[in-house]
Amino acid sequence: MNYVLSEYYRNQAKKLILSDTHHQEGEIFWRSPSNIALIKYWGKKDLQIPTNPSLSFSLSNSYTDTKIKFQTNNVTEKQSIEFFFNNQKQQEFERRICNFFEIIEKFEPFLKKLKLTVYSTNSFPHSAGIASSASAMSSIALGICSIENKLFGTLHSPADFYKKASFLARLGSGSACRSIHNGYNLWGYCDVIENSSDEIAIPINHLVNDIFFNLRDTILIISKKKKKISSSLGHNLMQNHIFAEARYNKAFTNLYNLLSALRSGDLISFSEIVRNEALMLHSLMMSSEPPFILMQPQTLSIIDSIENFCIDTKIPITYTLDAGPNIHLIYHNNYHRQVLDFIQNSIFNTINQENIIFDQLGGGCQLLSEK
Ligand code: DP6
């Protein structure tokens, strides 16, 4: 398979080699949001290439702040990375970053000549069921692009900078490539969207009706436990899945219909498609070999309450789930009051107030400081 951007960055990498006499140090501090997928990425091939396009929006209050201190380290040609989460050394994620850096060394060869110390914090509680790898990996990818710019001055135009950040973020965690821009992002080639690509996510806000910029995402945390299986393992199980082909076809149909609902402002169709994606994702998990069930009894009982609320009130709230038991309630801001009443009356008997996170569609990444 020929991947154009990958080829391009591999060629560019010839210009990104540090000479032994180059001495420089600095630090860079980025904030990057988490995002919630409406059309799900589930299944991949080659190097983090999705089997179908996915579409998400970036969140406003759920983000990762990552500071990277760098120093040229000409003595060795080996990676030197230390990772701290909430100022504590975190070896599990450190290993993940080392793997990530090994993968991207062919695009950023200067990395092996740097001593890097990475400090991350999340705005949301650890293991809250919010996709922390998306915000974490995208904030690191942004930091690497800034370091490339400081050392070589190669990514001056914002378009080039964000394109490469999304490209690198994808190689850290697929969904992370959708966390660079604000609002709505599409990752994956789709014949009706210009510039769409399997290698990066692109912002598609210009294709979205104004009413969809006032969406809330209220996250109902049913369990903070670590996932039973990693997303990567789940993606792999799609390879021999008996429903794989049907799923990929349906993902495209759902995407086309969602794009049309987003454009026309059709909240009802939007709600139906988002729910269909969430339930299909979990039915794919349940029909994998081996199967896995990530929903919990409370997940189903809350989904039942949401369905009843929608039937009784005719209010188009919808929900989605990622690879976990937690529910993202998605609705227009106009219905916030009614949703709060619903939560108070029907959800508080299942989960506590401190396990609810109020978020909304929001801004993209942000450079916090640099030295
Ligand atoms: C269910 O991006 O976490 O949240 O590329 O292996 O890191 P890796 O997977 P990841 O998968 C996310 C899966 C999902 C759906 C989505 O966000 O599109």
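In this predicted model, Pro-325 is in contact with Ile-222, Ser-223, Leu-294, Met-295, Gln-296 and Thr-299, leaving aside its neighbours within four places in sequence. Pro-325 belongs to the loop between β11 (318-320) and β12 (327-332). Its relative accessible area is 12%, and because buried means under 20%, Pro-325 is classed as buried. The C-alpha atoms of Pro-325 and Asn-352 lie 15 Å apart, with the two positions 27 residues apart in sequence numbering.

**Other loop residues**

A second proline to note is Pro-290, found in the loop between α7 and α8 (297-313). The peptide bond that joins Glu-289 and Pro-290 is cis, with omega about 0°.

The loop between β2 (44-45) and β3 (49-50) holds Asp-46, and Gln-48 lies in the loop between β2 and β3 as well. Asp-46 is not a glycine, yet its phi is positive, at about 45°. Gln-48, also not a glycine, has a positive phi of about 60°. Their accessibility is another matter: Asp-46 counts as exposed at 54% relative accessibility, whereas Gln-48 is buried, with a relative accessible area of 11%.

Gln-48 is one of the residues touched by Ser-173; the others are Arg-96, Ser-133 and Met-137, not counting residues up to four places away in sequence. Ser-173 sits in the loop between α4 (158-172) and β8. With a relative accessible area of 10%, Ser-173 is buried.

Gln-353 is placed in the loop between α9 (336-347) and β13 (356-360). At 58% relative accessibility, Gln-353 is over the 50% cut-off and therefore counts as exposed. Between the C-alpha atoms of Gln-353 and Ile-343, which are 10 residues apart along the chain, the separation is 9.3 Å.

The loop residues with a stated accessibility are listed here.

| Residue | Loop | Relative accessibility | Class |
|---|---|---|---|
| Asp-46 | β2 to β3 | 54% | exposed |
| Gln-48 | β2 to β3 | 11% | buried |
| Ser-173 | α4 to β8 | 10% | buried |
| Pro-325 | β11 to β12 | 12% | buried |
| Gln-353 | α9 to β13 | 58% | exposed |

**Packing of α2 against α3 and α4**

Two packed helices are described by the angle between their axes and the distance between the axes. For helix α2 (residues 91-104) and helix α3 (residues 132-152), the angle is about 50° and the axes are 12 Å apart. An angle of about 50° is neither under 35 degrees nor within 65 to 115, so α2 and α3 are oblique to each other. Their crossing is right-handed. On the α2 side the contact is made by Phe-93, Arg-96, Ile-97, Phe-100, Phe-101 and Ile-104, and on the α3 side by Ser-133, Ala-136, Met-137, Ile-140 and Ile-144.

α2 also packs against α4, at an angle of about 125° and with the axes 9 Å apart. This angle makes α2 oblique to α4. The crossing of α2 past α4 is right-handed. Here α2 contributes Arg-96, Phe-100, Ile-103 and Ile-104, while α4 contributes Leu-168, Leu-171 and Gly-172.

Arg-96 of α2 appears in the contact with α3 and in the contact with α4. Arg-96 is also among the residues that Ser-173 touches. Ser-133 and Met-137, which take part in the α2 contact from α3, are likewise touched by Ser-173.

**Helix α6**

Helix α6 covers residues 244-264; at 1.5 Å a residue its 21 residues should span 30 Å, and its end C-alpha atoms are 30 Å apart, which agrees. Which residues of α6 are buried? They are Ala-244, Arg-247, Tyr-248, Ala-251, Asn-254, Leu-255, Leu-258, Leu-259, Ala-261 and Leu-262. Viewed down the axis of α6, these buried residues fall within an arc of 160°, so they line one face of the helix. Glu-245, Arg-263 and Ser-264 are exposed on the other side of α6.

The cover over the buried residues of α6 includes the strands β1 (25-39), β4 (54-72) and β8 (184-187), together with the helix α7 (267-286). After α6 comes Gly-265, which has a positive phi near 85°.

Technical notes. Residues numbered from 1 in each chain as written. Predicted model: local features only at pLDDT ≥ 70, side-chain atom pairs only at ≥ 80, totals over all residues. Heavy atoms only, no water. Helix = DSSP H or I, 4+ residues; strand = E, 2+ residues; numbered from the N terminus. Expected span 1.5 Å × (residues − 1). Buried < 20%, exposed > 50% of the residue type's maximum accessible area, 1.4 Å probe, protein only. Arc of directions from axis to C-beta. Contact = heavy atoms within 4.5 Å. Axes fitted to C-alpha atoms, helices over the stretch in contact; angles between N-to-C directions. Parallel < 35°, antiparallel > 145°, perpendicular 65-115°, else oblique. Left-handed = near helix turned anticlockwise from the far one by under 90°.
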